[in-house]
Amino acid sequence: MGYPGPLGPLGADHPKGLHPETPTTDTTLDCDVVVIGSGAGGGTAAAVLAAQGLEVVVLEKGGYFDDADFTGTELTGLTTLYASGPSATAEGQMSLLEAQCLGGGTVVNYSTSFRTPDRIRHEWAATGATEFLSDDYDRAMDAVWSRQGVNGDYSQPSHRDQIMERGLTAFGWHIGSLDRNVIGCDAGAVCGRCGYGCPLGAKQSVAKTWLMDAEAAGARILTGVDVRTITTARGSAKSVEGRTASGVTVTVRARAVVVAGGSVQTPAILKRSGFTNPNIGRHLRLHPATAVWAEFDEEVRPWEGAMQSRYSTERSDIGGSGYGVVYETAAANPALSVAFLSWRGAQRHLEIMRNLSHFSSVGVITRDQDSGEVKVGKDGEPTMHYTLSARDAARMHAGVDGGARILEAAMAALHIMGSARMGGSAETSAANPEGVTWEAENVVIADASTFPTSSGVNPMVTIEAIAHLNATRLAGRLT
Ligand SMILES: Cc1cc2nc3c(=O)[nH]c(=O)nc-3n(C[C@H](O)[C@H](O)[C@H](O)COP(=O)(O)OP(=O)(O)OC[C@H]3O[C@@H](n4cnc5c(N)ncnc54)[C@H](O)[C@@H]3O)c2cc1C
């Protein structure tokens, strides 16, 4: 099929930048702030808090992997860097991709960087999350943009993006160049494996940026620790309890807790800990994504080139609703491609895979107006309930018309948001406009679960800006 397979370890032979520990005996620590989760939100919050001189402990469930560990092998990448579950919605309509490693989603994501659009900021402020219109939020986004090294220097279009650009240009449709948080990216054969970690160290994940700052400022980072509960008394958190895979217990007593386990796990952690606000787990948004494929005479090699470098918002506001789709391509390595291809029988599947080098796809990312729910079972583990509503489905259909076949059975979600949202009151949200839970004054949420609705664009920068702002406000209260 022409696929060269894994490129092997290319990472420079230098020591890893971070020095996390995994406790081997039962451990109790004391600090000012314990941060649960080290992804886009948690990594940023840890740096902001540590910079204010606060003693910070970061607890991360996943392991630590760096440049030399990233071989581009799909099986290894999917099993070591991604969460094992839940891997689909309970209804089976959508697969879920979520990271589980030090640095979280920022290690595996495609580096596409969007500032929070103004219209989304106004929409969110109108729900009661008023901080989105503040100057402080602008400053937080500027700080994130700068520390993540976002730039437009590595956005040379891949063959896939050239094809999409051709089509968009022929119709006279909107096309834009994407900014990316990479420095030294090859935008070529290596970049196409970016979803399994960047072996060049080009991707400015939080493991390369905010967590480095946090550790340099004295933060302790523990990996392999699965946080089970936050213990509270009289509306205030006292400690956080976790355990390692080998059964070692870890207790961290702290003056405040930042919850940043991501939109799947944050509501589960809060619910396991006895939080009862009915908005915890609700309002889940997924940006349902599907792909339209086409077979070309020319060789495309869809697994190569900058992960994403072009986009179109031509149909992002269908019928004046404020909802619609964004078009982006993504590198198509065989395993991930299978998840986005419809099944038309064994023979056709064989033909497609054999000729994959001649296929190109356009991703259709739907801004969902309606929502699902994260429920937590008796075992304390989350299940994701989400069925595409009729109006969101209609917009997705509109997004993929123009002659393309809709692959409804092949939807997936990479942007998981909104399951513990910020807002103006406990009736409508799980936390106040600074991310403080309505039930415990020293428990602050700082991840994608805080989104009042779906962001409509790739969410990383928005998550980090929220974490930056919420952590700055928490630091102000603690110092
Ligand atoms: C394949 C892929 C590509 C993407 N591409 C882009 C892109 O190009 N641009 C963009 O803007 N967005 C992209 N995203 C989305 C973006 O990366 C995520 O939305 C973002 O990382 C979510 O941030 P978060 O802080 O909410 O959670 P995460 O970054 O997922 O971090 C949560 C962390 O908490 C840890 N954790 C969870 N539960 C526990 C627990 N109980 N105890 C301890 N630790 C725990 C997890 O292991 C994880 O490391 C992509 C996502 C994926 C999966």
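## What surrounds the ligand

The shell around the ligand is a mix: 16 of its residues are nonpolar, 17 are polar and four are charged. Here Ala, Val, Leu, Ile, Met, Phe, Trp, Tyr, Cys and Pro go down as nonpolar, Asp, Glu, Lys and Arg as charged, and the others, Gly among them, as polar. Keep in mind that this is a predicted model, where local features need pLDDT of at least 70, side-chain atom pairs count only at pLDDT 80 or more, and totals for chains, interfaces and linings use all residues. Residues are numbered from 1 along each chain as its sequence is written, and side-chain values use heavy atoms, with hydrogens and water left out.

There are 37 residues around the ligand, and Gly41, Glu60, Thr112, Ala448 and Met460 come nearest. To be near, a residue needs one of its heavy atoms within 4 Å of the molecule or strand in question.

## Polar contacts and cover

Glu60 has a side-chain N or O atom 2.6 Å from an oxygen atom of the ligand. Two backbones join in: Lys61 places a backbone N or O atom 3.1 Å from a ligand nitrogen, and Cys101 has a polar backbone atom 3.1 Å from a ligand oxygen. On its own the ligand has 1000 Å² of accessible area, and the protein covers 97% of that. Those areas come from the Shrake-Rupley method with a 1.4 Å probe; for residues, only the protein chains shown count as cover.

Which elements give two or more residues to the shell around the ligand? They are helix H1 (40–51), helix H3 (105–108), strand S8 (226–233), helix H8 (262–272) and helix H12 (460–478). H8 has the largest share, with three residues. The elements are DSSP runs numbered from the N terminus: helices are H or I with at least four residues, strands are E with at least two.

## A stretch named in UniProt

An unreviewed UniProt entry lists residues 81–289 as "domain: Glucose-methanol-choline oxidoreductase N-terminal". UniProt positions follow the numbering used here, feature names are shortened, and annotations may be inferred rather than shown by experiment. In the model, the span is 28% helix and 19% strand, with its end C-alpha atoms 21 Å apart.

## Salt bridges

Side chains of opposite charge can pair when their charged atoms come close. The structure holds 25 salt bridges, each being a side-chain nitrogen of Lys or Arg within 4 Å of a carboxyl oxygen of Asp or Glu. There is also a network of them, linking Glu131, Asp136, Arg139, Glu434, Arg473 and Arg477.

Helix H4 turns up in two of the pairs below. In one, Asp138 and Arg121 have their closest N and O atoms 2.7 Å apart. This pair links distant parts of the chain, with Asp138 in helix H5 (residues 135–147) and Arg121 in helix H4 (residues 118–126), 17 residues apart. Arg121 is buried at 6% relative accessible area, while Asp138 is partly exposed at 27%; buried means under 20%, exposed over 50%, and partly exposed in between (1.4 Å probe, protein chains only).

The other is Arg367 with Glu123, also at 2.7 Å, N to O. Arg367 sits in the loop between strand S14 (359–366) and strand S15 (373–376) and Glu123 is in helix H4, so the pair ties together parts 244 residues apart in sequence. Arg367 is buried at 3%, and Glu123 is partly exposed at 24%.

Arg348 and Glu295 meet at 3.6 Å, N to O. Arg348 belongs to helix H10 (residues 346–354) and Glu295 to strand S11 (residues 289–295), 53 residues apart. Arg348 counts as partly exposed at 27% relative accessibility, and Glu295 as partly exposed at 44%.

Notes
A polar contact is a pair of N or O atoms within 3.5 Å; within protein, one must be able to donate a hydrogen and the other to accept it, and residues adjacent in sequence count only if both atoms are side-chain atoms.
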